[in-house]
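Colleague: I would like a close look at one single part of this model, the place where two helices pack together. Could you take me through that part slowly, in connected sentences?

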Amino acid sequence: MDITTGRPATLAPNGMVTCPHALASQAGVEVLRAGGSAVDAAIATSAVLSVIYPHMVGIGGDAFWLIHEAASGEVRFLNGGGRAAASASIDYFSSRGLKEIPFRGILPASLTTPGSVDSWCEAHASYGRLPLSRNLQSAIAYARAGFPVTARLAGWIARTADELKAEPDAAAIFLKNGVPVAGSLIRNPGLANTLETIGREGRHGFYEGDVADALASYVAQRGGFFTAADLQAQRAEWGVPLVGQYHDLTLYQTPAPTQGFAVIEMLNLVEPYDLHKTGFLGPDHVHLLVQAKQIAYHDRDRHIADPKFSEVPMDRLISKGYANERRALIDPARALPWDKVPSYGSLSGDTV
């Protein structure tokens, strides 16, 4: 197949790191060159993204891992999703006339506890070769000395300037000299201090101690949800990944509470169609993929939840038999009517 991305494919004999920002990928590669493991590199990359890609990801978010052990061939799932704050309830929102959780602000930000940092520490404890502080070195440097603003980040800051102005702490970082232009520097010394503490003290440096106290105090002052006790209770958990089969390809995905099953369901739906005969990104190819996604996302919206609190029929959702049932909705000649698989929620979110 011809490669038409506009630039040549990247090839590497010993290791590769890929993510949405070249500087973050570079940080991961530097860790590999220093003798780090793939997990060390992933932590370094994730940490740098939390600094220089703040419109999509941060250390207040979640992380879900699939880790392949080369020696044993085993694939492990690590759930770094944040648990809901003990004080959170649907009644809180409904009693205030809200029909859905706001997209931005202290309420959604504190509804669940940050999960990614503990997942860094848990993965590092099992697979790290370098000190955690070394893995966070590049992120700390970019936060302290400043990082160059991309055109995309500048655009996001411009679009959300009014919301940022309403939050003095955020405005002091991202609007210090007005909306930044591409190529200018943003510094975040407070985040540098937090990352240094994590590198020095591990999970204790974030979920307990001064950082946790500051987080809990800020949330309490602003009317949010999570407390110091919620932060202390946050733990990443090891689990078993989902396994699917597409022709001769074995596919691993993250289970609930993530939407990973949808990828396996999509492939099950299109497996009988011989996609290689439809022409890559030709009309029939795209038509089948879009309808498979439409059906799988409808199942996601109907079923996905935290399996600790809700029954999620995961084995059925990724089964070939279920795909055979749902495939009856696909018409090779016509688009699937939206009223047959209605969509819910918003398309305004995004992530790394």
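Modeller: What follows is a walk through one pair of packed helices, in a model that is predicted.

The two partners are helix α2, which covers residues 38-52, and helix α5, which covers residues 116-127. Two packed helices are described by the angle between their axes and the distance between the axes, and those are the two values to take up before turning to the residues. For α2 and α5 the angle is about 160°, while the axes lie 9 Å apart. Angles over 145 degrees count as roughly antiparallel, and therefore α2 and α5 are described as roughly antiparallel to each other. The crossing of these helices, α2 and α5, also has a hand, and that hand is left-handed.

With the geometry in place, we can look at which residues bring the helices into contact. On the side of α2, the residues that take part are Val 39, Asp 40, Ile 43, Ser 46 and Ala 47. Across from them, α5 contributes Trp 120, Ala 123, His 124 and Tyr 127. When the residues in this contact of α2 with α5 are sorted by class, six of them are nonpolar, two are polar and one is charged. If you want to follow this on the display, you might begin with Val 39 and Asp 40 in α2, continue through Ile 43 to Ser 46 and Ala 47, and then turn to the residues of α5, among them Trp 120 and Tyr 127.

Terms used. Residues are numbered from 1 along each chain as its sequence is written. This is a predicted model: local features need pLDDT of at least 70, side-chain atom pairs count only at pLDDT 80 or more; totals for chains, interfaces and linings use all residues. Side-chain values use heavy atoms; hydrogens and water are left out. Axes are lines fitted to C-alpha atoms, for helices over the stretch in contact, and angles run from 0 to 180 degrees between N-to-C directions. Helices (H or I, at least four residues) and strands (E, at least two) are DSSP runs, numbered from the N terminus. Angles under 35 degrees count as roughly parallel, over 145 as roughly antiparallel, 65 to 115 as roughly perpendicular and the rest as oblique. A crossing is left-handed if the near helix is turned anticlockwise from the far one by less than a right angle, and right-handed if clockwise. Contact means heavy atoms within 4.5 Å. Ala, Val, Leu, Ile, Met, Phe, Trp, Tyr, Cys and Pro count as nonpolar, Asp, Glu, Lys and Arg as charged, and the others, Gly among them, as polar.
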